[in-house]
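Reader: I am new to this structure and would like to learn how to read it. Could we go through it feature by feature?

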Amino acid sequence: MAERRVLWLGLGLMLLSAGFLVWQIRAPYGFILELRAAKLGALICVGAATGAATVLFQTVAGNRLLTPGLVGFDALFVLLQTVLVAGLGGVGFAQIPTAPRFLIEAATLGGGATLLFGLLLRRDAQDVMRMILTGIILGVLLRGSAEMVQRLMDPSDFAVVQQAMFASFGAVDAGQLGVSAVVLLAALALSLRLAPALDVCALGRDTSRGLGLHHDRLVMIALLLMAAMVSVSTALVGPVTFLGLLTASLARHLTGTHRHAVLIPAAALLGALILVAGQFLFERLLGSASALAVIVEFCGGLTFLFLVLKRRRR
Amino acid sequence: MIEINGLSYRIDGTKILHDVTMRLESGGITALIGPNGAGKSTLLHCISGLETPERGTVRIDGLDPFAAPARDRARAVALLRQSPALVSRLSVRELVGFGRWPHHQGRPGAADRDAVDRALGAFALADLAGRSIATLSGGQRQRAFIAMTWAQETPWMLLDEPLNALDPRHARDLMARLHALSRDAARSIVIVLHDINAAAGWADRIVAMKAGRIVAQDACAALLTEDTLREVFDTPFELLEHRGRKVVVAR
């Protein structure tokens, strides 16, 4: 039943993608198709990466309210952008070729995230509330550091940073997209391979260790995979804080299972589906492409509040 | 047999276990009793290999749980913690199925499905197999977690206060079931109990602990004396006989 729903999601995404590519297409077909395909690829990559990474993160943290963004990942991205612009200047930053910049950003974010979440999960994994609070405080520290540097900046440099602070699906480099797709596919394949072990991991550290699982090793691998997925996604379009929470919650609700072999693809497909459907709706039907990131964050934020209130009622 | 030699354990500078040395014979039920903070749960975790002691050795039928590969350890000893995490979307069958992980590592076969069926039957959970564990009562849920530990099919089963939050009827049913199963399936069960009467009624042997040390260890009938209980719990007890069984009453 749950597997069939994943298949339906896949089919839905294929149909929607086809519609996204050919809806009201006019000549020159090749050029427009190429542009639309790059945008579609970015939407699918970001949605899939965010959904799958959030499921991984929630499992290893043992908490379904967490997203990488909530515990400081987005703040790390903004700080990195700020430091790069402050160091090189707005013009210097703009002159860095896109491919090396993307790779530097993805590698720095991946390393930083592994360090950040590895530290959080290693020290505070037993105490989820302390872990969340530590993450939020770290996020505040990173944001505060970024703001301090931003205050010292030239206004034109600040405008460059400000542009990078919000997700934008408008202009995506095909080379970056290729690298992102390869990293994402590899991370997804490895995550699916680990799916049965992740099911055991969800029982908690002590129980899973009692069942003979190498819990700490699995957590580190899952964190590396998550960091790789979120890093390429963030480096590609910018930070998307709440999309993961929205997709992971919907995936659990829709499939009604704990099995990661179903949850991971479901969350990945839902993430892609939400972004493609949203972009299609706003760009093609309402003529307002810039609203997508804002609306997705708004819906994700509402989901977060709903989950928190639902827990309190229990 | 479980052999423990000179086991010491410390948390944040506080010594929880002091040079514990003892032998637990195979078969039947061994109850660990003692006041809060005696180190009973810590001892159980050290035996299972999940906590590494400061000093000392443990051998489970010759296996060193701290040095053995995790899978071998999980095939030798199964531990049920006091408050295991609840994954609400799990059905009872799926939860019990996790007990087979040390055997199949993610690829369950017919033998694993049979073992799950046996565990469900042993703890009267067959009718609830498809139910979500979130919808079960406290007693049913506890039975489901114990069935998971049972499905691990280890020679040794360690249960940390499984009677917590159970009413007298469910506590009695569970102890009776464990007592019968330990005999029928030739499994050795070590169980932490706060209810001394549950230990008196169902355990074959009792180990009494206090302040991280073993105070007494003997067959149930021999250990349960007013003097020993007063020494262990620092409070007077009265021992009564009811239908051939000892009944302990705190005075």
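Reader: How many helices and how many strands does chain A have?

Author: This is a predicted model. In it, chain A has 13 helices and 0 strands. Read from the N terminus, the elements of chain A run α-α-α-α-α-α-α-α-α-α-α-α-α.

Reader: What share of chain A counts as buried?

Author: Chain A has 314 residues, and 52% of them count as buried. Contacts can be read by their separation along the chain as well. Among the contacts in chain A with a separation of 6 or more, 78% join residues 24 or more positions apart.

Reader: Can we take a single residue as an example? Where does L270(A) lie, and is L270(A) buried or exposed?

Author: L270(A) is part of helix α12, which covers residues 260–285 of chain A. L270(A) counts as buried because its relative accessible area is 8%, under the 20% limit.

Reader: What is L270(A) in contact with, apart from its neighbours in sequence?

Author: Setting aside residues within four places in sequence, L270(A) is in contact with L9(A), T247(A), L250(A), A251(A) and L254(A). The pair with L9(A) spans 261 residues along the chain, yet the two C-alpha atoms are separated by 7.0 Å.

Reader: Now a residue in a loop. Is T67(A) buried or exposed?

Author: T67(A) sits in the loop between α2 (29–61) and α3 (73–95) of chain A. T67(A) counts as buried because its relative accessibility is 1%. With residues up to four places away in sequence left out, T67(A) touches T54(A), F57(A), T241(A), G244(A) and L245(A).

Reader: And in chain B, which residues does T154(B) touch?

Author: T154(B) belongs to the loop between α6 and β6 (156–160) of chain B. Not counting residues up to four places away in sequence, T154(B) touches A74(B), R75(B), A76(B), V77(B), A78(B) and R187(B). The side chain of T154(B) also reaches the backbone oxygen of W156(B), at 2.7 Å. T154(B) is buried, because its relative accessibility is 1%.

Reader: What does A134(B) touch?

Author: A134(B) is in the loop between α5 (110–122) and α6 (138–151) of chain B. Leaving out residues up to four places away in sequence, A134(B) touches S88(B) and R141(B). A134(B) is called partly exposed because its relative accessible area is 36%, and the partly exposed class runs between the limits of 20% and 50%. The C-alpha atoms of A134(B) and P168(B) are 22 Å apart, with their positions 34 residues apart along the chain.

Reader: How should I read the interface? How much area do chain A and chain B bury between them?

Author: The size of an interface is often given as the accessible area lost when the parts come together. Here chain A and chain B bury about 1,900 Å² between them, and 61% of that is on carbon and sulfur atoms. In chain A, L203(A), L211(A) and H258(A) lose the most area to chain B, together 32% of what that side buries. The contacts join 21 residues of chain A with 24 residues of chain B.

Reader: Which residues meet in a salt bridge?

Author: The rule finds 1 salt bridge across the interface of chain A and chain B. The side chains of D206(A) and R81(B) meet in a salt bridge, with N to O at 2.9 Å. The side of chain A that touches chain B draws at least two residues from each of α8 (195–201), α9 (205–210) and α11 (243–255). By class, that side of chain A has 7 nonpolar, 9 polar and 5 charged residues. Across the interface there are also 4 residue pairs in polar contact.

Reader: How many disulfides are there over all chains?

Author: A disulfide is a covalent bond between the sulfur atoms of two cysteines. The count over all chains is 0. As for cysteines in chain A, C45(A) is buried, with a relative accessible area of 9%, and C201(A) is buried at 3%.

Reader: Last, backbone angles. What is phi of A124(B) near?

Author: Most residues other than glycine have a negative phi. Phi of A124(B) is positive, near 50°. A124(B) lies in the loop between α5 and α6 of chain B and is partly exposed, with a relative accessible area of 40%. D234(B), also not a glycine, has a positive phi of about 55°. D234(B) lies in the loop between α10 (226–233) and β10 (237–242) of chain B. D234(B) is exposed because its relative accessible area is 58%, over the 50% limit.

Note on methods: Residues are numbered from 1 along each chain as its sequence is written. Chains are lettered from A and ligands numbered from 1 in the order in which they are written. This is a predicted model: local features need pLDDT of at least 70, side-chain atom pairs count only at pLDDT 80 or more; totals for chains, interfaces and linings use all residues. Side-chain values use heavy atoms; hydrogens and water are left out. Contact means heavy atoms within 4.5 Å. Buried area is the accessible area (1.4 Å probe) that two parts lose on being put together, summed over both. A salt bridge is a side-chain nitrogen of Lys or Arg within 4 Å of a carboxyl oxygen of Asp or Glu. A polar contact is a pair of N or O atoms within 3.5 Å; within protein, one must be able to donate a hydrogen and the other to accept it, and residues adjacent in sequence count only if both atoms are side-chain atoms. Helices (H or I, at least four residues) and strands (E, at least two) are DSSP runs, numbered from the N terminus. Ala, Val, Leu, Ile, Met, Phe, Trp, Tyr, Cys and Pro count as nonpolar, Asp, Glu, Lys and Arg as charged, and the others, Gly among them, as polar. A disulfide is a pair of cysteine sulfur atoms within 2.5 Å. Buried means under 20% relative accessible area, exposed over 50%, partly exposed in between (1.4 Å probe, protein chains only).
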